[in-house]
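Welcome! Here is a short tour for anyone meeting this protein for the first time. Take a look at the sequence and the model, then read on.

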Amino acid sequence: MASNAAIIISVSTYEHEQFMSHLPACQRDSDMMLRIIQGTGKYDKLLKLDNSPHSANALARLTEAIREWQELEIEEVFFYYSGHGILHEGEFLFPFTNFHPASKCTTSLPNSQLDQMLRSLAPSVAIKVID
């Protein structure tokens, strides 16, 4: 039987405020999205990375979930991100709480990396919502 997976990430505080301002509503937004996702009863696999995760922890947990889900038949994958976004050399980046311009690629999730992860699940449908 096929599974449906959801990934919810929210980053509302940033360690380096000189580069990124805090976005207090992001945590509330992800809490609301979680309630919506759970309310549908559709998603049996869920990863929620909230409370402004540090890049190393967030990437490790995301990678672990994707590896586990690769063993399943994934019908639909839903990705939701609430936080700042950065465009760097034509690549959209999802910054984590420890984002720093000097280490962009290790303190954020590049969209191309996310796309590769989602494609590895071979879902029939992939939905990305960037808030």
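Two strands count as paired if DSSP finds at least two bridges between them. With that in hand, four strands form an open sheet in the order β2-β1-β3-β7, with parallel pairing. Please keep in mind that this is a predicted model. A sheet of three strands, two cores and four salt bridges come up further down.

**The four-stranded sheet**

- The edges of this sheet are held by β2 and β7; each has a single partner strand, so one side of each is left without a neighbour in the sheet.
- On average, neighbouring strands here are turned by 5° against each other, direction ignored.
- β1 and β2 run parallel and are joined by five bridges.
- Within this pair, Ile7 has Leu47 of β2 standing opposite.
- Helix α1 packs on the sheet, where it touches β1, β2 and β3. The direction of α1 makes about 165° with that of β1.
- Helix α3 also packs on this sheet, touching β1, β3 and β7, and its direction makes about 150° with that of β7.

**The three-stranded sheet**

- Three strands form another open sheet, in the order β4-β5-β6, and here the pairing is antiparallel.
- β4 (86-88) and β6 (108-110) are the edge strands, each pairing on one side only.
- Neighbouring strands of this sheet are turned by 35° against each other on average, again ignoring direction.
- Three bridges join β4 to β5 (residues 91-95), and these two strands run antiparallel.
- Leu87 stands opposite Phe92, which belongs to β5.
- Helix α3 (residues 111-119) packs on this sheet, touching β5 and β6. The direction of α3 makes about 65° with that of β6.

**A closer look at helix α3**

- Which residues of α3 are buried? They are Asn111, Leu114, Asp115, Met117 and Leu118.
- These buried residues cover an arc of only 160° around the axis, which puts them on the same side of α3.
- Gln116 and Arg119, on the other side of α3, are exposed.
- What do the buried residues of α3 pack against? Their partners are β1 (3-10), α2 (55-69), β3 (74-82), β5, β6 and β7 (125-130).

**The nonpolar cores**

- The largest nonpolar core has 26 residues, and those with the most contacts inside it are Ile7, Ile9, Trp69 and Phe79.
- At least two residues of this core come from each of β1, β2 (45-49), α2, β3 and α3.
- The element that gives the most to this core is α2, with six residues.
- Leaving aside neighbours within four places in sequence, Trp69 is in contact with Ala5, Ala6, Ile7, Lys45, Leu46, Leu47, Ile74 and Leu121.
- There is also a second, separate core of eight residues, which includes Ile8, Leu34, Tyr43 and Tyr80.

**Salt bridges**

- How many salt bridges does the structure hold? There are four.
- One of them pairs Glu76 with Lys42, with the closest N and O atoms 2.8 Å apart.
- That pair links distant parts of the chain: Glu76 is in strand β3 and Lys42 is in the loop between α1 (25-40) and β2, 34 residues apart.
- Is Glu76 buried or exposed? With a relative accessibility of 9%, Glu76 counts as buried, whereas Lys42 is partly exposed, with a relative accessible area of 38%.
- Lys48 and Asp50 meet through their side chains in a salt bridge (2.6 Å, N to O).
- Lys48 counts as buried at 16% relative accessibility, while Asp50, at 23%, counts as partly exposed.
- Asp115 and Lys128 form a further salt bridge, their closest N and O atoms being 2.5 Å apart.
- Asp115 lies in helix α3 and Lys128 in strand β7, so this pair ties together parts that are 13 residues apart in sequence.
- Lys128 is partly exposed, and its relative accessible area is 34%, while Asp115 is one of the buried residues of α3.
- Salt bridges that share partners join Asp31, Lys48 and Asp50 into one network.

How values were computed. Residues are numbered from 1 along each chain as its sequence is written. This is a predicted model: local features need pLDDT of at least 70, side-chain atom pairs count only at pLDDT 80 or more; totals for chains, interfaces and linings use all residues. Side-chain values use heavy atoms; hydrogens and water are left out. Axes are lines fitted to C-alpha atoms, for helices over the stretch in contact, and angles run from 0 to 180 degrees between N-to-C directions. Contact means heavy atoms within 4.5 Å. Buried means under 20% relative accessible area, exposed over 50%, partly exposed in between (1.4 Å probe, protein chains only). The arc is that of the directions from the helix axis to the C-beta atoms. A nonpolar core is a set of buried Ala, Val, Leu, Ile, Met, Phe, Trp, Tyr and Cys residues joined through side-chain atoms within 4.5 Å.
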